[in-house]
Amino acid sequence: MTLPLRIAPSILAADFSKLGQEVKDVIDAGADWVHLDVMDGHFVPNISFGPDVIKSLRPYTDAFFDCHLMISPADPYLEAFAKAGCDGITVHAEAGAHLHRSLQTIRALGKKVGVTLNPATPISVLEDVLDDVDLILVMSVNPGFGGQKFIPSALDRISRIKSLIGDRPIELEVDGGITAETIGAAHKAGANVFVAGSAVYKGGAKDAYKANIAALVSAAKA
Ligand code: DX5
Ligand code: ZN
């Protein structure tokens, strides 16, 4: 099953003093989804923002809000993120003891269901939840910070996960260190959704975002 190529800018690299405008600008510049990196200072060594900030961004666009929860535990907060206006909610396989329950909770909230794996998380964790997810997010850096270098072993992980997915209509997303230099190989390996923070928001203005997104798309297709 071939799903569309999508660019999902991470607002972690945006100017936090004008986040609403930054969300609107990046969608006007050609992005498909908005990637929301939620960090708790416990599951990952950094703190970003929570549901109230997401709620305040919701009026700026109708684009898909792709929420990446780097929090542990996640279950007590899933409803708050759903109510804040997230369209998809992705939890880390390592975030709690009951992954299947977390996925069911997201499904019951009426949101797209995502699971994500750190660079060293065994891929086998996916085998028994493949029919319960809409999206698999492969981390190509250790989560916590933007601007890190792409970890090459993510490519082999993407191809192995792509084979596991088979014909299922599951979005295969990659996150971390995606640039015009790395996106082509990640696309070739089988990913169709590309998170990019620094590579999209560099330049700090809408015209730059437009050029950055176009460069990513053409490098992905090259
Ligand atoms: C890392 C986050 C990423 C990150 C991507 O913890 O999940 O989404 O912000 O940033 P870049 O594209 O700069 O690696
Ligand atoms: Zn992310």
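In the predicted model, His-92 is buried, with a relative accessible area of 1%. The residue belongs to strand E4, which spans residues 88–92. Beyond the residues up to four places away in sequence, His-92 touches Phe-43, His-68, Leu-69, Met-70, Thr-116, Asn-118, Met-139 and Pro-143. One of these contacts, His-68, is also a ligand of the zinc ion (ligand 2).

The zinc ion (ligand 2) is coordinated through NE2 of His-35, ND1 of His-68 and OD atoms of Asp-37 and Asp-175, at 2.0 to 2.3 Å. The site has six donor atoms, and with angles of 66 to 167 degrees among them it is octahedral. Along the chain, the donors follow the spacing H-x1-D-x30-H-x106-D. His-35 and Asp-37 are both buried.

The strands form an open sheet of eight members with parallel pairing, in the order E1-E8-E7-E6-E5-E4-E3-E2. Strand E1 (6–9) and strand E2 (33–39) each have a single partner strand and stand at the edges, so one side of each is left without a neighbour in the sheet. On average, and with direction ignored, neighbouring strands of this sheet are turned by 25 degrees against each other.

At the E2 edge, E2 and E3 pair in the parallel sense over seven bridges. Within this pairing, Val-38 stands opposite Leu-69 in E3. Strand E3 (64–70) has seven of its seven residues buried, so this strand is largely enclosed by the rest of the structure. In a regular strand, side chains alternate between the two faces of the sheet. In E3, Phe-64, Asp-66, His-68 and Met-70 point one way, while Phe-65, Cys-67 and Leu-69 point the other way. The zinc ligand His-68 thus lies on the face of E3 that also carries Phe-64, Asp-66 and Met-70.

Pro-73 follows in the loop between strand E3 and helix H3 (78–84). Pro-73 counts as partly exposed, at 46% relative accessibility. Most peptide bonds are trans. The bond from Ser-72 to Pro-73, however, is cis, with omega near 0 degrees. Pro-73 and Gly-146 are 73 residues apart along the chain, and their C-alpha atoms are separated by 22 Å.

The loop between H3 and E4 contains Cys-86. Cys-86 counts as buried, at 0% relative accessibility. Leaving aside neighbours within four places in sequence, the contacts of Cys-86 are Ile-54, Phe-65, Cys-67, Phe-81 and Lys-111. Two of these residues, Phe-65 and Cys-67, point from E3 in the direction shared with Leu-69. The C-alpha atoms of Cys-86 and Lys-112 are 9.1 Å apart in space, with the two residues 26 apart in sequence.

Further along the sheet, strand E5 (residues 112–117) and strand E6 (residues 135–139) run parallel and are joined by four bridges. Leu-117 has Val-138 as its bridge partner in E6. Helix H5 (residues 153–165) lies across E5, E6 and strand E7 (171–175), and runs at about 165 degrees to E6. Strand E7 includes the zinc ligand Asp-175.

Strand E8 (residues 193–196) is covered on both faces, with Val-193 and Val-195 buried on one side and Phe-194 and Ala-196 buried on the other. Strand E8 runs parallel to E7, to which three bridges join it, and parallel to E1, to which four bridges join it. In the pairing with E7, Phe-194 is the bridge partner of Val-174. In the pairing with E1, Val-195 in E8 stands opposite Ala-8.

A pair of aromatic rings is described by the distance of the centres and the angle of the planes. The structure holds three aromatic pairs. One of them joins Tyr-201 and Tyr-209 in an edge-to-face arrangement, with 4.9 Å centre to centre and 70 degrees between the planes. Tyr-201 and Tyr-209 are both buried.

Technical notes:
Residues numbered from 1 in each chain as written. Chains lettered and ligands numbered in written order. Predicted model: local features only at pLDDT ≥ 70, side-chain atom pairs only at ≥ 80, totals over all residues. Heavy atoms only, no water. Donors = N, O, S within 2.8 Å, 3.2 Å for Na, K, Ca; no water. Tetrahedral: all angles 85-135°; square planar, octahedral: opposite > 155°, others 65-115°. Buried < 20%, exposed > 50% of the residue type's maximum accessible area, 1.4 Å probe, protein only. Pairing = 2+ DSSP bridges. Helix = DSSP H or I, 4+ residues; strand = E, 2+ residues; numbered from the N terminus. Axes fitted to C-alpha atoms, helices over the stretch in contact; angles between N-to-C directions. Contact = heavy atoms within 4.5 Å. Phe/Tyr/Trp six-rings, centres within 6.5 Å; stacked < 30°, edge-to-face > 60°.
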